Protein chains: 2
Amino acid sequence: MSVHLPTILSAENIRQRQALIRPYLKKTPLLQSEKINALAGCNIYFKCENFQHTGSFKVRGAFSAALLLSEEERKKGLCTHSSGNHAQAIAKAAQILACPAYIVMPENAPAFKQRATAELGAEIRFSPPTTAGREAALAAWQKETAAHFIHPYNDYDVILGQASCSLEILEELSDIDGILAPIGGGGLLSGALLSAHYFRPELKVLGAEPQLVNDAYLSLAAGKIIENKRTDSLADGLRTTIRPKTFGVFQELLSEIICVEEEEIILALRLIWEQLKIVVEPSSAVPLAALLKHKARFKGQNWAIILSGGNIDLDHLPF
Amino acid sequence: MSVHLPTILSAENIRQRQALIRPYLKKTPLLQSEKINALAGCNIYFKCENFQHTGSFKVRGAFSAALLLSEEERKKGLCTHSSGNHAQAIAKAAQILACPAYIVMPENAPAFKQRATAELGAEIRFSPPTTAGREAALAAWQKETAAHFIHPYNDYDVILGQASCSLEILEELSDIDGILAPIGGGGLLSGALLSAHYFRPELKVLGAEPQLVNDAYLSLAAGKIIENKRTDSLADGLRTTIRPKTFGVFQELLSEIICVEEEEIILALRLIWEQLKIVVEPSSAVPLAALLKHKARFKGQNWAIILSGGNIDLDHLPF
């Protein structure tokens with residue numbers, strides 16, 4: 001198949017970006033569980049981005065975009081709108097690079113996420129929880145500050161940063177058959193697709209999405225972006241809708257998305273906590289849920305699953 | 001000070017035992033958290049035995065004792081009484097060494113621990129939850145089977161095995177000021193005390209114990225074993241009472257035990273889950289609670305804390 005990608009999404013840029021951001025990242029481990037392997041009938045390596053700085057892979061993209069800015073641009077600060085992990089990632093990048101961070105959070109963002117973002121030194125303003133409300137609040141604030149807006153995923157610099165996660169998997173594992181990643185806005189999976197495309201083209205890369213917010217699945221089938229009608233999946237990191245830049249990568253490189261039910265996510269989440277002894281958020285459990293739903297297809301194979309993050313309110317666990 | 005230890009607890013035996021059991025163990029990581037360090041005012045390395053096989057350090061002692069048996073003895077099987085992590089450890093050692101395991105569990109042992117032990121192929125019998133009831137049930141069963149009894153801690157072979165945990169810390173960290181470990185029956189801490197005594201004598205080694213079940217603290221003060229009157233600490237792994245073999249090591253080598261309240265354990269537990277993103281059981285949080293209670297004493301120093309295990313019922317979390 002002939003693949004058409006924007007020039008910026010090149011093998012060289014992926015490599016360069018990885019070298020650029022590496023000093024700012026933790027090397028996250030690949031964990032395994034005998035019990036989960038026995039249950040799944042295959043050999044799974046879990047890439048633990050819950051151990052990454054700020055508890056999710058999002059710092060990869062945040063640093064990737066922020067480090068490209070000039071001294072002058074950085075002084076004006078970074079800004080974004082986010083209720084979740086991207087907010088903390090931008091706040092962290094700004095803290096390390098010693099520049100201001102302006103974060104618009106929806107007024108219904110969980111208190112523990114507000115606190116974590118504020119603790120990193122970011123300035124926070126609240127907006128109505130709608131996309132329009134968030135964007136309007138950010139635009140007004142950006143007018144005051146002239147800060148640089150880093151979108152959580154509809155940004156090639158962010159996508160190039162997220163690719164470093166899969167690149168680390170490829171560096172460590174020479175024998176895997178594929179990578180499974182969750183889909184929210186599509187940045188993490190875009191990075192995995194690009195890494196495999198350039199550096200291990202025989203690798204299968206699949207996406208996993210909650211049935212309740214399966215905008216990427218529907219969009220891929222329709223050939224155009226379909227918005228989520230509901231946003232109440234337990235996997236709060238995956239409620240956002242895919243945007244043109246990630247959708248473009250999906251259209252070129254993604255062969256399949258597996259959708260899973262909420263109950264399947266809860267079962268997989270609990271399995272990860274109990275067997276791997278790690279704290280991950282519901283979004284992280286979606287790929288394992290997908291694999292367990294289609295065991296026969298993965299039988300006897302070696303797969304890497306990206307656990308995207310570990311930020312969860314311990315006062316409101318789903319089990 | 002002149003130290004009198006049983007001949008079997010020698011530097012050479014600790015080294016030999018470590019080499020013997022190493023192939024059966026996971027190499028558990030040392031994790032750090034910037035936030036916990038900032039909060040504590042010192043630099044803490046967490047030794048993650050929650051990631052060990054069966055979710056606790058107990059397999060170290062189980063393999064250490066089981067591997068010494070002759071082929072003939074092994075055939076007759078391993079037996080013990082335990083409601084918790086030691087039961088799983090013996091079951092695991094028996095499974096790997098292909099011999100029977102006979103485990104007496106108190107009838108009030110949590111269902112998830114019964115299940116985990118049974119899944120490892122052990123035979124289980126239930127007894128009244130008292131020490132006398134457990135011991136009587138085991139004695140009767142041992143008469144039938146002639147299986148080898150491995151006590152959870154009042155056994156020098158077990159203590160030698162637990163020493164491997166601290167030895168791994170010493171191998172990896174050349175610059176620490178001390179090691180903090182929780183005290184249940186005292187096996188884990190005895191191992192730490194012995195490792196430091198022989199291989200890093202300048203190291204401080206402290207014990208941490210829940211105030212509610214502080215039999216070791218009281219025993220050390222009284223110069224004789226004082227039984228726990230209560231057994232209702234949240235730290236279920238630490239409810240047992242110290243016995244002569246571990247008490248003997250404590251009397252020779254232990255300078256101090258820090259006692260903590262139940263509320264302090266819960267706060268430390270939550271901090272570990274939230275910041276390290278790992279699942280540990282309440283017993284594991286006791287040393288961090290002790291350190292946070294006496295911050296000034298640890299200020300600016302480097303300490304290792306042993307997280308003893310990660311077996312907790314997710315349906316009954318204390319927060």
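**Two-fold axis, helix pair and sheet**

Modeller: In chain A, the residue that comes closest to the rotation axis is Ile278(A), with its C-alpha at 2.0 Å. The model is a predicted one.

Colleague: How do you know what kind of axis relates the two copies?

Modeller: A turn of 180° with a shift of 0.0 Å along the axis lays chain A on chain B, and the RMSD is 0.0 Å. The copies are therefore related as by a two-fold rotation axis.

Colleague: What makes you say that the copies meet through the same surface?

Modeller: Of the interface residues of chain A, 100% are also interface residues in chain B, so the same surface serves both copies.

Colleague: Within chain A, why are α5(A) and α6(A) called roughly parallel?

Modeller: Helix α5 (residues 85-96) and helix α6 (residues 111-119) of chain A pack at about 10°, and their axes are 8 Å apart. Angles under 35 degrees count as roughly parallel, so α5(A) is roughly parallel to α6(A).

Colleague: Which residues make that contact, and how do they divide by class?

Modeller: Helix α5(A) contributes Asn85(A), Ala87(A), Gln88(A), Ala91(A) and Gln95(A), while α6(A) contributes Lys113(A), Ala116(A), Thr117(A) and Glu119(A). By class, the contact has three nonpolar, four polar and two charged residues. Ala counts as nonpolar, and Lys and Glu count as charged.

Colleague: How is chain A divided into domains?

Modeller: The domain assignment gives domain 1 as 11-55 + 155-307 and domain 2 as 59-149. Taken over C-alpha atoms, the centres of these domains of chain A are separated by 24 Å. Their contact takes 21 residues from domain 1 and 16 residues from domain 2 of chain A.

Colleague: What makes β1 and β9 of chain A edge strands?

Modeller: The open sheet of six strands in chain A has the order β1-β2-β10-β7-β8-β9, with mixed pairing. Strands β1 (30-31) and β9 (257-260) of chain A each pair on one side only.

Colleague: How do you know that β8 (residues 204-210) of chain A pairs with β9(A)?

Modeller: Pairing requires at least two bridges, and these strands have four, in the parallel sense. One residue pair is Glu209(A) with its bridge partner Cys259(A) in β9(A). Helix α10 (residues 215-222) of chain A packs on this sheet, touching β8 and β9 of chain A, and its direction makes about 140° with that of β9(A).

Colleague: In chain B, what supports the pairing of β7 and β10?

Modeller: Strand β7 (residues 178-182) and strand β10 (residues 302-307) of chain B pair in the parallel sense over three bridges, and at least two are required. Leu180(B) stands opposite Ile305(B) in β10(B).

Colleague: How would you class the angle between α12 of chain B and β9(B)?

Modeller: Helix α12 (residues 262-276) of chain B lies across β1, β2, β8, β9 and β10 of chain B and runs at about 95° to β9(B). Angles of 65 to 115 degrees count as roughly perpendicular, so α12(B) is roughly perpendicular to β9(B).

Methods:
Residues numbered from 1 in each chain as written. Chains lettered and ligands numbered in written order. Predicted model: local features only at pLDDT ≥ 70, side-chain atom pairs only at ≥ 80, totals over all residues. Heavy atoms only, no water. Helix = DSSP H or I, 4+ residues; strand = E, 2+ residues; numbered from the N terminus. Contact = heavy atoms within 4.5 Å. Axes fitted to C-alpha atoms, helices over the stretch in contact; angles between N-to-C directions. Least-squares fit on C-alpha atoms with pLDDT ≥ 70 in both. Parallel < 35°, antiparallel > 145°, perpendicular 65-115°, else oblique. Domains from an automatic or database assignment.
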